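Please read this briefing alongside the sequence and the 3D view. The notes are grouped by topic.

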Amino acid sequence: MNLKYIHLISFLFLINTIKIDNPKKFMTDVIIDLNGNYKYLLIEMLNKTNLNDYKYLVRGSSAFEYHKNLYLNFMRNSVYKYPEIYMNFSFKILGGGRISVYSNNITVFGSSGYYGKANHKLTCNLIKKAYPSYNCIAK
């Protein structure tokens, strides 16, 4: 059997057996590019058994032309890989928009044609917590 094939199977098995003790803490609040102008989503992560257990996530990247592709990438790379996350939490898109980052200034504005307008003030508050050295303005 090919050694590369054995390593790939071992790696895939390891990914599928990783135990996440606290899925909510495991999910990073804000993942955005720190330069340029691009689309973003505001997502609510909600515990399926305790509706008072939730958090907000911001995801933004210049790699995606459409908000829908950004969401599909988020689900594929952050949620479906870990059974503790997708079995115990649901994810609701609260809206989208655009983020513009130049120097240490971040501007959050606009809306998604597919998901509607996100709460830009909430998005800025999350960004400020994640990147305290940046100024964030919601328009």
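**Disulfide, strand 2 and a loop residue**

The link of C124 and C136 is left-handed, with -75° about the S-S bond. It links distant parts of the chain, with C124 in helix 5 (residues 120–130) and C136 in strand 6 (residues 135–138), twelve residues apart. The model is predicted, and the points below cover this link, strand 2 with its residue N47, and the loop residue S103.

**The disulfide**

- The structure holds one disulfide.
- The sulfur atoms of C124 and C136 are 2.2 Å apart.
- A disulfide is a covalent bond between the sulfur atoms of two cysteines.
- C124 has a relative accessible area of 3% and is buried.
- C136 is buried as well, with a relative accessible area of 9%.

**Strand 2 and its partners**

- Nine of the twelve residues of strand 2 are buried, so the strand is largely enclosed by the rest of the structure.
- Strand 2 runs antiparallel to strand 4, and twelve bridges join the two.
- In this pairing, G36 stands opposite V101 of strand 4.
- Strand 2 also pairs with strand 3 (residues 54–61), in the antiparallel sense and over eight bridges.
- Here I43 of strand 2 faces a residue of strand 3, with L57 standing opposite I43.
- The connection from strand 2 to strand 3 is a hairpin through six residues.

**N47 in strand 2**

- N47 belongs to strand 2, which spans residues 36–47.
- With a relative accessibility of 12%, N47 counts as buried, because the cut-off for buried is under 20%.
- A polar atom of the N47 side chain lies 2.9 Å from the backbone nitrogen of T49.
- The side chains of N47 and D53 are joined by a polar contact of 2.9 Å.
- Leaving aside residues up to four places away in sequence, N47 touches D53, N88 and F89.
- D53 therefore appears both in the polar contact with the N47 side chain and among the residues that N47 touches, and N47 itself is buried.

**S103 in a loop**

- S103 has a positive phi of about 60°, although S103 is not a glycine.
- S103 is placed in the loop between strand 4 (89–102) and strand 5 (105–109).
- Is S103 buried or exposed? S103 is exposed, because its relative accessible area is 63% and the cut-off for exposed is over 50%.

Conventions:
Residues numbered from 1 in each chain as written. Predicted model: local features only at pLDDT ≥ 70, side-chain atom pairs only at ≥ 80, totals over all residues. Heavy atoms only, no water. Disulfide = S-S within 2.5 Å. Helix = DSSP H or I, 4+ residues; strand = E, 2+ residues; numbered from the N terminus. Buried < 20%, exposed > 50% of the residue type's maximum accessible area, 1.4 Å probe, protein only. Polar contact = N/O pair within 3.5 Å; in protein donor to acceptor, adjacent residues only side chain to side chain. Contact = heavy atoms within 4.5 Å. Pairing = 2+ DSSP bridges.
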